[in-house]
Structure formats: C-alpha cells, structure tokens
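Visitor: I would be grateful for a close look at the part of this structure where the two chains meet. Please describe how the contact is made and then set it in its surroundings.

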Amino acid sequence: MKHSVNRPPTPDEDDASEGFEKDEVTLREIINVKLVESGEKENLMELVRDRLVECGWKDEMRIACREHVKKKGRKDVTVDELIRVITPKGRASVPDSVKAELLNRIQNFIVSAAL
Amino acid sequence: MSGADGNKSSHTELSSQVFLDLVDSVIADVASECHRVARLGLDRDLEVVEEELRLSVEARAKVADPSNNLETNTKFVVDIFGQTHPPVASEVFNCMNCGRQIVAGRFAPHLEKCMGKGRKARAKATRSTTAAAQNRYARHSPNPRYSPYPNSVSENQLASGSPGVADEDCTNGTVRENVKGG
C-alpha cells in the first residue's frame with residue numbers, strides 16, 4: 001500500500017495493530033485538530049506564553065540558553081541543541097499554578113468536545 | 001476500562017499531553033529566539049558587556065569632571081563626522097524678507113518681527129488697512145523687494161490715499177498714484 005510521505009496514518013488504512021495505543025494517538029490528533037479548528041489552541045498558546053512570561057519562566061530559560069551559548073561558543077549553537085538543553089528543565093520548572101490552570105482548561109475543552 | 005473513571009484518566013492523560021505539547025512549543029520559541037540572538041551577536045557577550053560598562057563609566061566620569069566647563073562639554077560634542085556644533089549658531093546671512101544681516105541664532109525672533117508673525121508685529125501690521133496688506137502681498141510676487149523703506153512709505157501713502165487701487169509697482173521709484181496731477 002502506498003503512503004504519501006508526510007501523511008499521518010489514518011485508522012482505516014494503517015496496518016499497525018497496537019489497538020489501544022494507536023487509538024490514543026489518533027485521539028490526540030483528533031483533539032489537536034479540534035483545538036486548532038475552534039481556535040482554542042491559539043488561545044491556549046497565548047495563555048501559556050503570557051503566564052510563563054509573567055512568572056519569569058521565560059527569563060530563566062533565556063538565561064539557561066545564554067549559559068549554554070557561552071559554553072559552546074556563539075557560532076556553534078544550533079536550535080535543536082538549545083531545545084534539547086532546556087526542554088527537561090523547562091518542563092520541570094513550569095509553576096504548578098500555571099500547569100493546573102492550563103490542564104483545567106484543556107480538560108474542559110475535551111469534555112465539551114464530547115470525546 | 002469503563003465508566004467515568006476510565007474516561008477521566010484518559011482525559012487527564014490526554015490533557016497532560018496537550019499541555020506538554022504547548023510547553024514544548026513555547027520552549028522551541030524561546031530556543032529559536034535565543035539562537036537567533038546568539039548567532040547575530042545581538043545579546044552582548046560577557047566581555048562586551050564588561051567593556052561597555054567600562055566605557056560608560058569613563059564617559060560618566062568625564063561628564064562629571066568639574067574641570068570641564070559643563071556647557072561646553074554637553075554642547076560641544078563631536079558628531080560622527082567629527083564636526084562640532086556650537087550651541088548658538090553664529091553664521092551671519094541676509095534675511096530674505098528685509099535684507100538685513102542677521103545672526104543665524106537670532107533669526108527666528110527677527111523673523112517674528114520682520115514678517116509680522118509675532119503679537120506685537122501683527123498688531124502693528126493691522127494698523128495699516130488690510131487692503132494695503134493685501135496689495136503688498138499681491139505686489140510681492142511680480143517683484144521681490146529687498147529694502148523695507150519704499151514699502152512702508154508706499155503703504156502709508158496708500159493708507160491715507162485710496163486704498164485698494166494701486167497696482168503700480170513702487171520700487172521703480174515712480175509713485176504715480178500719489179503724485180496727483182504732476
């Protein structure tokens with residue numbers, strides 16, 4: 001069966017037999033699509049950005065980036081490298097209040113999307 | 001798994017994943033921004049920052065130095081071409097309205113009086129009739145004049161004589177209007 005290169009697997013055509021996990025992946029995609037279509041994803045993004053800036057998280061990340069850049073030298077850094085460096089720290093250092101707020105909103109959305 | 005609990009757990013997990021997605025996007029944004037700043041050298045390096053700090057301290061010391069005349073220090077700054085600009089423009093040139101020699105730094109106040117834009121000057125101008133003023137402006141275009149005296153003389157005469165009649169140009173010296181009968 002031919003698959004176009006970039007197309008994500010759809011449930012009907014794909015051969016993968018990991019039923020439950022695959023369902024989740026698909027579910028995630030469906031959610032994503034719904035988020036984008038309704039505009040809620042944009043709202044959430046803006047909310048996340050605002051909150052993370054307010055609480056100084058972004059500044060912390062930028063400092064971490066700068067440290068890494070200083071170590072590695074200005075010319076050698078790549079974006080991927082920076083992402084790799086700050087992702088674990090970034091994910092861990094999101095304030096609980098921000099996380100709770102976002103999760104709440106996302107859950108409300110999922111529920112209201114009747115999934 | 002069935003029932004509300006099952007749904008809830010998958011919901012929580014789902015929302016966690018969505019949340020992580022969002023955070024990852026923001027992280028990617030930050031990383032990309034920092035990368036750009038780093039590569040373009042926009043964010044000053046530690047050494048550069050230190051040097052700039054040193055330079056600014058030096059500059060501040062120079063400004064605060066009491067041995068320098070403060071006024072000259074602030075005004076006699078050198079621009080990027082190495083020119084200095086004195087605080088009061090000192091060049092002398094001729095006013096295009098009245099033709100007198102004016103110091104450039106005093107040109108604006110001079111113009112106020114000269115062209116009748118200031119309060120006192122305008123009050124003076126309205127003493128002669130508005131028609132005379134209109135005539136003066138009308139006659140300005142054909143013949144630019146450089147000395148005030150024939151102007152004011154003719155104005156006065158017109159004011160006393162017939163206003164709004166003369167089209168004659170007075171700078172030629174022939175004031176035909178007011179030499180009645182010859």
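Guide: In this predicted model, the interface of chain A and chain B holds 4 salt bridges. One of them joins the side chains of A:Arg28 and B:Asp21, with an N to O distance of 3.4 Å. Another is formed by A:Lys58 and B:Glu33, at 3.5 Å from N to O. A:Lys58 belongs to helix H3 of chain A and B:Glu33 to helix H1 of chain B, so this pair joins two chains. A:Lys58 is partly exposed because its relative accessible area is 25%, and B:Glu33 is likewise partly exposed, at 30%.

Polar contacts cross the same boundary: 6 residue pairs, with both residues at pLDDT 80 or more, are found across the interface of chain A and chain B. On the side of chain A that touches chain B, at least two residues come from each of helix H1 (19-38), helix H2 (40-54), helix H3 (57-72), helix H4 (79-92) and helix H5 (96-112). The most is given by H3(A), with 8 residues. By residue class, this side of chain A divides into 23 nonpolar, 4 polar and 12 charged residues.

As to extent, 39 residues of chain A and 32 residues of chain B take part in the contact. The area buried between chain A and chain B is about 3200 Å², and carbon and sulfur atoms give 70% of that area. Within the area that chain A buries against chain B, A:Arg28, A:Arg74 and A:Arg91 supply 18%, more than any other three residues. A:Arg28 is thus both one of these three and the partner of B:Asp21 in a salt bridge.

From chain B, one residue may be followed individually. B:His35 is found in helix H1 of that chain, residues 3-40. Leaving aside residues up to four places away in sequence, B:His35 touches A:Val77, A:Thr78, A:Val79 and A:Leu82. B:His35 counts as buried because its relative accessibility is 17%, under the cut-off of 20%.

Behind the interface stands the fold of chain A, which has 5 helices and 0 strands, in the order α-α-α-α-α along the sequence. Of the 115 residues in chain A, 27% are buried. The accessible surface of chain A comes to about 7800 Å², and 50% of this belongs to carbon and sulfur atoms. Among contacts in chain A between residues at least 6 apart in sequence, 61% join residues at least 24 apart.

Over all chains, the whole structure has 8 salt bridges. Within chain A, the side chains of A:Glu40 and A:Arg105 form one such bridge, at 3.3 Å from N to O. This pair links distant parts of the chain, with A:Glu40 in helix H2, A:Arg105 in helix H5 and their positions 65 residues apart. A:Glu40 is buried, at a relative accessible area of 14%, whereas A:Arg105 is partly exposed, at 31%.

A:Glu101 also pairs with A:Arg51, and the closest N and O atoms of that salt bridge are 2.9 Å apart. Because A:Glu101 lies in helix H5 of chain A and A:Arg51 in helix H2 of chain A, the pair ties together parts that are 50 residues apart in sequence. Both count as partly exposed, A:Glu101 at 29% relative accessibility and A:Arg51 at 24%. A:Arg51 and A:Glu101 are also linked with A:Glu54 in a network of salt bridges.

Note on methods
Residues numbered from 1 in each chain as written. Chains lettered and ligands numbered in written order. Heavy atoms only, no water. Contact = heavy atoms within 4.5 Å. Buried area = accessible area lost by both parts, 1.4 Å probe. Polar contact = N/O pair within 3.5 Å; in protein donor to acceptor, adjacent residues only side chain to side chain. Helix = DSSP H or I, 4+ residues; strand = E, 2+ residues; numbered from the N terminus. Nonpolar A, V, L, I, M, F, W, Y, C, P; charged D, E, K, R; others polar. Buried < 20%, exposed > 50% of the residue type's maximum accessible area, 1.4 Å probe, protein only. Areas by Shrake-Rupley, 256 points an atom, 1.4 Å probe, with all protein chains shown as cover.
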